[in-house]
Amino acid sequence: MHSLLLLAVSLSVLLSVLAQKPQPCKAPPYLEGKLVVVSPEGKSLVFEQFYYDAVEQRIRVIASGKEGTHNVFVDVLMLYRERFYYEISYHNKSCTKVPFSAAFIPIEIPIDAQHKAQFVIGSLSAPAQGILVNNWEGSIAEIKANYSMSFTEFGCIPVTTLYSIEQKGHILLSFFDIVIGIENPEVFIPPSFCTSAKLVEQKPGEVADFFTALM
């Protein structure tokens with residue numbers, strides 16, 4: 001009887017939420033977690049640990065995976081306010097400092113996004129078996145991309161994002177193990193062997209924005 005009452009209350013709350021029109025939201029300013037990136041057109045599969053600081057506009061990406069038949073490993077610290085990023089290699093104790101001009105794009109639902117659907121990942125059969133998610137579509141002029149984004153209704157946590165980027169193709173991001181906050185803020189401090197790194201000229205094909213850092 002007690003479990004039936006809990007289920008009835010949970011469904012009542014969920015149905016009241018479903019009756020409300022979802023609004024664009026912004027993820028918490030500090031996040032860390034993991035994601036799987038498939039890009040472009042399925043040619044690359046990358047598993048990543050990421051750290052996200054929207055206040056200071058910093059992103060750290062530590063990724064490993066496959067690009068075609070080749071194994072890849074990337075450790076990139078992107079400092080948007082300073083307009084450069086570090087490519088870090090602990091194995092060689094080396095560091096490359098490269099300029100870039102991409103705009104910082106926060107993890108959020110843009111204000112002009114179009115709400116397409118609201119659905120549950122999991123089940124409504126019992127309490128705590130499902131997560132309410134909203135799907136949004138739109139475009140981002142800064143990176144010449146169309147997107148389809150799914151965020152949780154509660155907490156505005158990213159779940160999946162599909163980008164179709166001009167001259168890059170499709171990039172699918174699936175987020176998991178998300179933690180609100182940064183457990184170790186030192187991830188945004190470059191290692192000591194980067195202190196002497198000099199700014200080098202960006203070469204074609206090198207990281208220019210967050211999305212190429214993931215590829």
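These legends accompany close-up views of a predicted model.

**View 1. The whole chain, with its helices and strands.**
The predicted chain holds two helices and 11 strands. Along the sequence, the order reads α-β-β-β-β-β-β-β-β-β-β-β-α. The chain has 215 residues, and 40% of them are buried.

**View 2. The surface and the contacts of the chain.**
About 12200 Å² of the chain is exposed. Carbon and sulfur atoms supply 57% of that area. Among contacts with a separation of 6 or more, 47% join residues 24 or more positions apart.

**View 3. The largest nonpolar core.**
This core has 36 residues. L31, Y52, F151, Y163 and L173 touch the most other members. Eight strands each give two or more residues to the core: β1 (30-39), β2 (44-53), β3 (58-67), β4 (70-79), β8 (130-140), β9 (145-152), β10 (158-165) and β11 (169-180). Of these, β9 gives the most, with four residues.

**View 4. Y52 and the residues it touches.**
Y52 belongs to the largest nonpolar core. Leaving aside residues up to four places away in sequence, Y52 touches P28, P29, Y30 and L31. Y52 also touches R58 and I59. Further along the sequence, the partners of Y52 are F104, P106, I107, I182 and F188.

**View 5. A second nonpolar core.**
Another core lies apart from the largest one. This core has 13 residues, among them L77, I88, C95 and I182. I182 is also one of the residues that Y52 touches.

How values were computed:
Residues are numbered from 1 along each chain as its sequence is written. This is a predicted model: local features need pLDDT of at least 70, side-chain atom pairs count only at pLDDT 80 or more; totals for chains, interfaces and linings use all residues. Side-chain values use heavy atoms; hydrogens and water are left out. A nonpolar core is a set of buried Ala, Val, Leu, Ile, Met, Phe, Trp, Tyr and Cys residues joined through side-chain atoms within 4.5 Å. Buried means under 20% relative accessible area, exposed over 50%, partly exposed in between (1.4 Å probe, protein chains only). Contact means heavy atoms within 4.5 Å. Accessible areas come from the Shrake-Rupley method with a 1.4 Å probe; for residues, only the protein chains shown count as cover.
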